[in-house]
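Reader: Please go through the contacts in this model with me, one item at a time. Give the cut-offs as they come up.

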Amino acid sequence: MTSLWLHGAQVPARLRLTPGSHFDTVVIGGGLTGLVTALLLVENGVEVAVVEGKRVGAGTTGATTGKVSLLQGTRAQQIAKHHSDDVLRGYVAANREGQEWLLSFCAAHDVTVERAAALTYAQTDDEISAVRAEYAATQKAGLPTELLFELDTPFPAHGAVRLADQAQLDPMALLAALAADVESHGAPIYESTSVRGVHHGGRGELIVSTEHGDLGARRVVLATGTPILDRGGFFARLTPQRSYLTALRLDRPAPRDMYISAGSPTRSLRRAQGPDGELLLVGGNGHVVGRGGSTREKVENLVSWARTWFPGAEPTHRWSAQDYSPIGELPYVGPVLPGQNDIQLATGYAKWGLTNGVAAAIALAGRLTGTPPRWAGALASWRPDELKALPAATKINSAVAQKLSAGWLRVATHHDGAAPDEGCGTVLREGLHPTAVCTVDGVTNRVSAVCPHLYGIVNWNDAERTWDCPLHGSRFDADGTLIEGPATSSLTPLHVPRDTP
């Protein structure tokens with residue numbers, strides 16, 4: 001389950017963190033938002049360090065489809081349902097500036113970009129109304145979209161809204177160029193350094209606690225997908241979404257444009273260059289993290305769909321990505337708490353991070369240097385109209401409560417059992433301990449089944465062989481090692497792993 005972009009990517013070794021170092025700003029997260037924020041700040045003379053828990057690109061950016069588009073599925077109509085026309089135009093203006101900055105950076109740093117039209121299409125007649133609604137919303141937002149009812153595609157398409165001259169790229173090539181530029185300005189990037197927390201020290205300084213020691217900072221930027229600090233309760237204002245992608249080799253040319261369906265199950269398509277020639281990327285089958293049944297079946301279904309409409313297609317890569325949908329439809333960018341400007345965050349891109357992520361970085365850097373962009377209010381972390389999203393928040397968190405109670409009930413009724421088969425995992429009660437047991441590569445691991453964030457019971461992800469929390473999307477390797485938050489610590493080992501008999 002390694003993405004096309006990460007497969008064979010050359011990632012240079014980077015500096016080891018020196019405990020006790022001090023910086024004006026520490027950016028936590030080495031994805032697109034974190035690196036662009038760091039670059040914009042350091043270009044303004046700010047002393048910056050980037051701290052990344054794994055490697056640059058190991059998170060969402062390295063797993064994205066690589067689409068850089070202002071037509072974003074049905075996002076415009078969803079925003080229009082909850083916000084004013086001015087807010088919608090502000091969102092589009094933010095994404096347009098993010099797109100322009102990104103493409104300008106790519107041109108200046110020899111990052112290959114391919115221009116293509118973006119289409120939101122109807123898979124069935126029932127989805128035509130969503131296509132029409134997206135056309136109306138994008139027109140209102142000032143995008144030069146067009147409505148089509150005749151499409152030449154090998155897969156079912158009953159109409160589409162189209163936006164010309166969008167872009168697609170290799171996100172790892174982009175991140176490599178960004179990281180090199182950040183470092184060329186003297187800003188260190190500390191990889192393999194998990195952040196455990198941030199607290200206030202003496203003399204108004206923030207202390208960033210990591211697994212390798214502490215850093216001092218005047219300000220901190222959280223660019224970690226979902227914020228790793230619970231202040232502000234953003235974990236309850238986001239829905240963690242996991243979706244799947246496969247790259248396939250075809251015996252015919254792939255469609256030239258970028259496509260995404262207007263309804264479910266989502267089907268997202270684009271062509272890309274692989275190591276041995278052109279490939280077709282197909283994505284979709286998204287679901288809330290830790291919920292929805294077998295993830296392996298979702299991947300297999302995606303491949304089956306591709307082979308149905310592109311006979312002879314052969315998968316070369318399969319992978320997944322995680323992103324976060326905000327309850328109020330707009331990203332959260334700004335202070336983690338109202339008035340607490342020394343800790344800033346960015347999250348909630350709803351799977352459109354290549355434009356939103358750069359827009360967020362521009363807004364963050366603008367706030368921190370005193371020059372916020374005119375559209376920053378549309379992406380604010382605290383908005384007066386957030387009260388309108390309370391019904392959605394109530395619905396989301398009711399589902400979270402149900403998963404919490406259902407998980408503990410399942411543990412209470414599932415007692416000791418034999419080690420699972422290879423590639424399988426189960427949750428049971430061993431004595432008084434809720435235990436997550438799995439067998440991977442001949443080794444059986446037993447770890448606590450209780451997520452250290454808010455004590456949800458994890459579920460087994462059979463496609464990626466991970467433990468996923470159905471509450472707020474924390475994920476852990478088979479041996480319990482933390483993959484991504486909002487949890488900041490791993491699942492507790494219950495004893496030393498043993499070889500399967």
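Reader: How much area do domain 1 and domain 2 bury between them?
Author: The model is predicted, so local features need pLDDT of at least 70 and side-chain atom pairs count only at pLDDT 80 or more, while totals for chains, interfaces and linings use all residues. Residues are numbered from 1 along each chain as its sequence is written, and side-chain values use heavy atoms, with hydrogens and water left out. Buried area is the accessible area (1.4 Å probe) that two parts lose on being put together, summed over both. Carbon and sulfur atoms carry 47% of the area between domain 1 and domain 2, and the total is about 1700 Å².

Reader: Which three residues supply 30% of the area that domain 1 buries against domain 2?
Author: No other three residues of domain 1 give more of the area buried against domain 2. The three are Phe 235, Gly 290 and Arg 291.

Reader: Where are the bounds of the two domains, and how many Å separate their centres?
Author: The bounds come from an automatic or database domain assignment. Domain 1 covers 4-383 and domain 2 covers 394-484. Taken over C-alpha atoms, the centres of domain 1 and domain 2 are separated by 28 Å.

Reader: How many residue pairs are in polar contact between domain 1 and domain 2?
Author: A polar contact is a pair of N or O atoms within 3.5 Å; within protein, one must be able to donate a hydrogen and the other to accept it, and residues adjacent in sequence count only if both atoms are side-chain atoms. With both residues at pLDDT 80 or more, the count between domain 1 and domain 2 is 13.

Reader: Which element gives the largest share of the side of domain 1 that touches domain 2?
Author: Helices (H or I, at least four residues) and strands (E, at least two) are DSSP runs, numbered from the N terminus. Strand 11 (238-249), helix 6 (295-309) and strand 15 (314-326) each give two or more residues to that side of domain 1. The largest share, 5 residues, comes from strand 11.

Reader: How many salt bridges does the rule find across the interface of domain 1 and domain 2?
Author: A salt bridge is a side-chain nitrogen of Lys or Arg within 4 Å of a carboxyl oxygen of Asp or Glu. Arg 242 and Glu 484 form a salt bridge at 3.8 Å, N to O, and both belong to a network of salt bridges with Glu 464, Asp 468 and Arg 475. Across the interface of domain 1 and domain 2 the number is 3.

Reader: Glu 329 and Arg 75 meet in a salt bridge; how many residues apart are they?
Author: Their side chains come to 2.8 Å, N to O. Glu 329 is in the loop between strand 15 and strand 16, Arg 75 is in helix 2, and the separation is 254 residues.

Reader: Is Arg 75 buried or exposed?
Author: Buried means under 20% relative accessible area, exposed over 50%, and partly exposed in between (1.4 Å probe, protein chains only). Its partner Glu 329 has a relative accessible area of 16% and is buried. Arg 75 has 10% relative accessibility, so Arg 75 is buried.

Reader: Which helices do the buried residues of helix 2 pack against?
Author: In helix 2 (residues 75-82), the buried residues are Arg 75, Ala 76, Gln 77 and Ile 79. The buried residues of helix 2 pack against helix 3 (85-108) and helix 4 (128-140).

Reader: Why is there no disulfide between Cys 469 and Cys 451?
Author: A disulfide is a pair of cysteine sulfur atoms within 2.5 Å, and the structure holds 0 of them. Cys 469 is buried, at 2% relative accessibility. Its closest cysteine sulfur is that of Cys 451, which is too far for a bond because the separation is 4.0 Å.

Reader: Which residue supplies the backbone oxygen 2.8 Å from a polar side-chain atom of Thr 193?
Author: Thr 193 lies in the loop between strand 7 (189-190) and strand 8 (195-200). Thr 193 is buried, with a relative accessible area of 1%. The backbone oxygen belongs to Glu 191.

How values were computed. Contact means heavy atoms within 4.5 Å.
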